[in-house]
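Open your viewer, get the selection tool ready, and take a few minutes to walk around this protein with me. We will go from stop to stop.

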Amino acid sequence: QIVLGRSSYLVEASDSKGSFIARNKIDYRVETVSRDGIDYYLLVDSAGRSVHAFFVHINYTMLPKSPNTRRTVAGRLRKLYEYVDLMGLDIRKLTSGDITNFILFLQKFSLSNGEFRIEFAGKYNPRNNTVNQVLAACRNFFRDLEIDCPALMEVKQLHIRRELDTDMAYQ
């Protein structure tokens, strides 16, 4: 068993007065199991359960692909499942707003006190190519599962321009 990728997120909920209500840790990992010379990839959720749809897509639909490609796609789909779990969403019912927030999630998150916290505000730290690759993996996954998500299918390429501070640009 080899753990390829793992992210832990702490989700804290508070009421309208800012008082603490609940805390939930989201912890997904991709594990590799080798059998008969073939690597199989498992996505294990926070409760220690394997995600069946992920397993079928990565290990059967994508089996003709190279192990490196399958491993890379596994890591990209892990991000999708982390986001869906963090936000308490149903993967089969994502809205346009959910996809927009997923893109923001992929672009910016910060480490605070040893735990990842999502920050939707502030400057972007765009890695457009990486985000586009994650979105492409998600589109293929949704097609394989026959999930209708027009908002995801319509986002083809992400292009974000950084506004430069003119004083900084000329120094």
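Here is the tour, beginning with the whole chain and then moving to smaller selections.

**Before you click**

This is a predicted model: local features need pLDDT of at least 70, side-chain atom pairs count only at pLDDT 80 or more, and totals for chains, interfaces and linings use all residues. Residues are numbered from 1 along each chain as its sequence is written, and side-chain values use heavy atoms, with hydrogens and water left out.

**Stop 1: the whole chain**

Show the protein chain as a cartoon. You should find six helices and five strands. Helices (H or I, at least four residues) and strands (E, at least two) are DSSP runs, numbered from the N terminus. Follow the sequence and the pattern reads β-β-β-α-α-α-β-β-α-α-α.

Of the 171 residues, 37% count as buried. Here buried means under 20% relative accessible area, exposed means over 50%, and partly exposed is in between, using a 1.4 Å probe and protein chains only. A contact means heavy atoms within 4.5 Å. Among contacts between residues at least 6 apart in sequence, 47% join residues at least 24 apart.

**Stop 2: strand E2 and the loop after it**

Select Thr-32, which is found in strand E2. Is Thr-32 buried or exposed? Thr-32 is buried, because its relative accessible area is 7%. Now add Leu-43: the two are 11 residues apart in sequence, and their C-alpha atoms are 9.1 Å apart in space.

Next, select Asp-36, in the loop between strand E2 (20-35) and strand E3 (38-44). Its phi is near 55 degrees, a positive value in a residue other than glycine. Asp-36 counts as exposed because its relative accessibility is 76%.

**Stop 3: where H2 meets H3**

Color helix H2 (residues 67-87) and helix H3 (residues 96-107). Their axes come within 11 Å and cross at roughly 115 degrees. Axes are lines fitted to C-alpha atoms, for helices over the stretch in contact, and angles run from 0 to 180 degrees between N-to-C directions.

Show the side chains of Lys-79, Leu-80, Tyr-83 and Leu-86 in H2, which make the contact with Asp-98, Asn-101, Phe-102, Phe-105 and Leu-106 in H3. By class, this contact has six nonpolar, one polar and two charged residues. Ala, Val, Leu, Ile, Met, Phe, Trp, Tyr, Cys and Pro count as nonpolar, Asp, Glu, Lys and Arg as charged, and the others, Gly among them, as polar.

**Stop 4: two helices against H4**

Keep H2 and add H4. The axes of H2 and H4 come within 9 Å and cross at roughly 85 degrees, which means that H2 is roughly perpendicular to H4. Angles of 65 to 115 degrees count as roughly perpendicular, under 35 as roughly parallel, over 145 as roughly antiparallel and the rest as oblique.

Which residues of H2 meet H4? They are Val-73, Arg-76, Leu-77, Leu-80 and Tyr-81, and on the H4 side you will find Gln-133, Val-134, Ala-137, Cys-138, Phe-141 and Phe-142. These residues divide into nine nonpolar, one polar and one charged.

Now bring in helix H1 (residues 52-61), which packs with H4 at an angle of about 100 degrees, with their axes 11 Å apart. That makes H1 roughly perpendicular to H4. Ala-53, Phe-54, His-57 and Thr-61 in H1 meet Asn-140, Phe-141, Asp-144 and Leu-145 in H4. The classes here are four nonpolar, three polar and one charged.

**Stop 5: two cysteines**

A disulfide is a covalent bond between the sulfur atoms of two cysteines. The structure holds zero disulfides, a disulfide being counted as a pair of cysteine sulfur atoms within 2.5 Å. Why does Cys-138 have no bond to Cys-149? The sulfur of Cys-138 is 9.5 Å from the one in Cys-149, its closest cysteine sulfur, so the two are too far for a bond. Cys-138 is buried at 1% relative accessibility, and Cys-149 is buried at 2%.

**Stop 6: the end of H4 and helix H5**

Select Glu-146, in the loop between helix H4 (128-145) and helix H5 (150-154). Its phi is near 60 degrees, a positive value in a residue other than glycine. Glu-146 is exposed, with a relative accessible area of 71%.

Finish on Leu-152, which lies in helix H5 and is buried, with a relative accessible area of 1%. Not counting residues up to four places away in sequence, Leu-152 touches Ile-99, Leu-135, Cys-138, Arg-139 and Phe-142.
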